[in-house]
Amino acid sequence: MESKEIYKGLAGVPVDYTAVSSVNPESNSLLYRGYPVQELAERCSYEQVALLLWNGELPTDDETAEFARFEREHRALEPQLKSLIDTLPTSAHPMDVVRTAVSVIGASDETTEDNSAEANLVKAKRLFAQLPAVVAYDQRRRHGQEVVTPRDDLDYSQNFLWMAFGEEAAPEVVDAFRVSMVLYAEHSFNASTFTARVIASTTADLYSAVTGAVGALKGALHGGANEAVMHTFAEIGSAENVVPWLDDALANKKKIMGFGHRVYKHGDSRVPTMQAAMERMIAHVGREDMLELYRTLADEFLERKGIYPNLDYPAGPTYHLMGFDTPTFTPLFVAARVTGWTAHVLEQNANNALIRPLSVYNGPEERHL
């Protein structure tokens with residue numbers, strides 16, 4: 001039998017170049033097109049960050065205004081799409097609804113088969129604009145609520161929260177949401193992005209690539225981790241229960257989500273920014289008990305295992321405090337990461353090669369009937 005070294009999960013294997021994002025090992029910073037993400041989260045709107053990821057440079061004021069007009073014109077949920085969502089059972093996971101919605105948007109687009117960079121950029125912008133309506137309405141229908149019409153006097157983050165809850169959110173809530181969108185927007189060749197690039201490499205359309213990426217993001221080892229954090233918090237209950245809960249979890253080798261990262265070994269560079277936004281939210285809503293639980297578990301786990309939290313750890317409680325249902329957390333991740341996915345599809349198409357790795361066979365030797 002052939003003997004070769006296998007890199008399980010492609011760990012440590014570079015498969016292509018990308019100019020979209022990177023992690024600077026010296027500063028431990030995630031960089032979008034060279035800019036530290038914490039600086040972008042402090043000073044930029046999510047719309048500006050999306051244009052940076054797609055175009056390679058931060059937009060001018062005129063470019064931002066033009067994109068804002070486009071995004072606001074395409075926010076509303078198409079009647080056909082709303083009707084289709086209504087046929088899906090509320091027992092289905094919200095990620096299944098989002099995955100189906102992306103397929104329907106693609107099937108309804110007359111330009112789907114046009115794989116030019118210009119056409120694909122328009123598709124990326126349409127998905128950016130329409131996914132908030134899909135995510136917001138799916139949560140509302142599960143509570144027997146009607147769709148909320150988008151408002152063109154609100155920016156992306158304000159409008160997303162308006163469509164989800166039917167009321168204007170406080171500035172602290174809007175800012176925390178904006179920060180989460182910026183921080184979740186892109187992260188190099190993660191599992192869902194690599195899935196999108198594999199699909200794009202076959203010359204399939206952009207919607208197919210995004211649909212596949214949604215499927216990859218659904219898993220608990222990837223996007224579903226932010227949901228798992230809240231399930232963990234619900235199990236623990238309060239800060240005084242952390243130690244006995246963790247004793248039992250570690251004794252039973254239970255995987256504790258929201259900690260560790262394939263890329264970061266000394267702490268996820270996005271966590272301090274998201275945690276600060278979470279703490280502002282907690283002060284606004286008066287939930288210091290959740291902050292105590294958050295800090296106690298993080299400190300105890302770091303002391304015992306030497307493993308730091310990742311972005312999902314502060315993002316989960318933040319979305320919970322905003323009022324989002326826990327199963328909606330990963331669809332929120334989709335709404336953010338669609339910018340990174342589509343930026344990578346554009347990059348893959350610009351210098352394409354079919355992604356087709358080899359495998360090493362370890363089954364029976366040749367045999368005959």
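**Exercise 1. Locate T203 and describe its backbone and its exposure in this predicted model.**

Solution. The first step is to place the residue: T203 sits in the loop that joins α9 (191–201) to α10 (206–217). The second step is to read the backbone, where phi of T203 is near 70°, a positive value in a residue other than glycine. As background, most residues other than glycine have a negative phi. The third step is accessibility: T203 has a relative accessible area of 56%, and because exposed means over 50%, T203 is classed as exposed.

**Exercise 2. Carry out the analysis of Exercise 1 for K253: where does it lie, what is its phi, and is it buried or exposed?**

Solution. K253 is found in the loop between α12 and α13. Its phi is near 55°, again a positive value in a residue other than glycine. With a relative accessibility of 75%, K253 counts as exposed.

**Exercise 3. Examine helix α3 (residues 61–73): compare its span with the expected one, then determine which residues are buried and how they are arranged around the axis.**

Solution. Begin with the length: at 1.5 Å a residue, the 13 residues of α3 should span 18 Å, and this agrees with the 18 Å that separate its end C-alpha atoms. Next, sort by accessibility, which shows that T64, F67, A68 and E71 of α3 are buried. These residues cover an arc of only 105° around the axis, and therefore they lie on the same side of α3. The face turned away from that buried side carries the exposed residues D62, E66, R69 and E73. Finally, ask what the buried residues of α3 pack against: their partners are α2 (46–55), α6 (117–142) and α7 (156–165).

**Exercise 4. Describe how α2 and α3 are oriented towards each other, and list the residues through which they meet.**

Solution. Two packed helices are described by the angle between their axes and the distance between the axes. The axes of α2 and α3 come within 10 Å and cross at roughly 105°. Since angles of 65 to 115 degrees count as roughly perpendicular, α2 and α3 are roughly perpendicular to each other. On the α2 side the residues are E47, Q48, A50, L51 and W54, and they meet E63, T64 and F67 in α3.

**Exercise 5. Work out the geometry of the pair formed by α4 (residues 79–87) and α6, including the handedness of the crossing.**

Solution. The axes of α4 and α6 come within 11 Å, crossing at roughly 40°. That angle makes α4 oblique to α6. The crossing of α4 and α6 is right-handed, and the contact is made by L81, K82, I85 and D86 of α4 together with V134, Y137, D138 and R141 of α6.

**Exercise 6. Do the equivalent analysis for α12 (residues 242–251) and α14 (residues 288–305).**

Solution. Helices α12 and α14 pack at an angle of about 45°, and their axes are 10 Å apart. On that basis α12 is oblique to α14. In handedness, α12 passes α14 in a right-handed crossing. From α12 the contact draws on V242, V243, W245, L246, D247 and L250, while α14 supplies L293, T296, L297, E300, F301, R304 and K305.

**Exercise 7. Assess the span of α8 (residues 171–184) and the extent to which this helix is enclosed.**

Solution. Helix α8 has 14 residues and reaches 20 Å from its first C-alpha to its last, which is close to the 20 Å expected at 1.5 Å a residue. Of its 14 residues, 11 are buried, so α8 is largely enclosed by the rest of the structure. Among the buried residues are V173, V174, A176, F177 and R178.

**Exercise 8. For Q275 and then A228, give the helix, the exposure class and a spatial relation to a residue elsewhere in the sequence.**

Solution. Q275 lies in helix α13 (residues 271–285), and at 22% relative accessibility Q275 counts as partly exposed. Leaving aside residues up to four places away in sequence, Q275 touches Y294 and P314. Q275 and P317 are 42 residues apart in sequence, with a C-alpha to C-alpha distance of 9.7 Å. A228 belongs to helix α11 (residues 225–236), and A228 is buried, with a relative accessible area of 15%. A228 and N159 stand 69 residues apart in sequence and 27 Å apart in space, C-alpha to C-alpha.

Technical notes:
Residues numbered from 1 in each chain as written. Predicted model: local features only at pLDDT ≥ 70, side-chain atom pairs only at ≥ 80, totals over all residues. Heavy atoms only, no water. Helix = DSSP H or I, 4+ residues; strand = E, 2+ residues; numbered from the N terminus. Expected span 1.5 Å × (residues − 1). Buried < 20%, exposed > 50% of the residue type's maximum accessible area, 1.4 Å probe, protein only. Arc of directions from axis to C-beta. Contact = heavy atoms within 4.5 Å. Axes fitted to C-alpha atoms, helices over the stretch in contact; angles between N-to-C directions. Parallel < 35°, antiparallel > 145°, perpendicular 65-115°, else oblique. Left-handed = near helix turned anticlockwise from the far one by under 90°.
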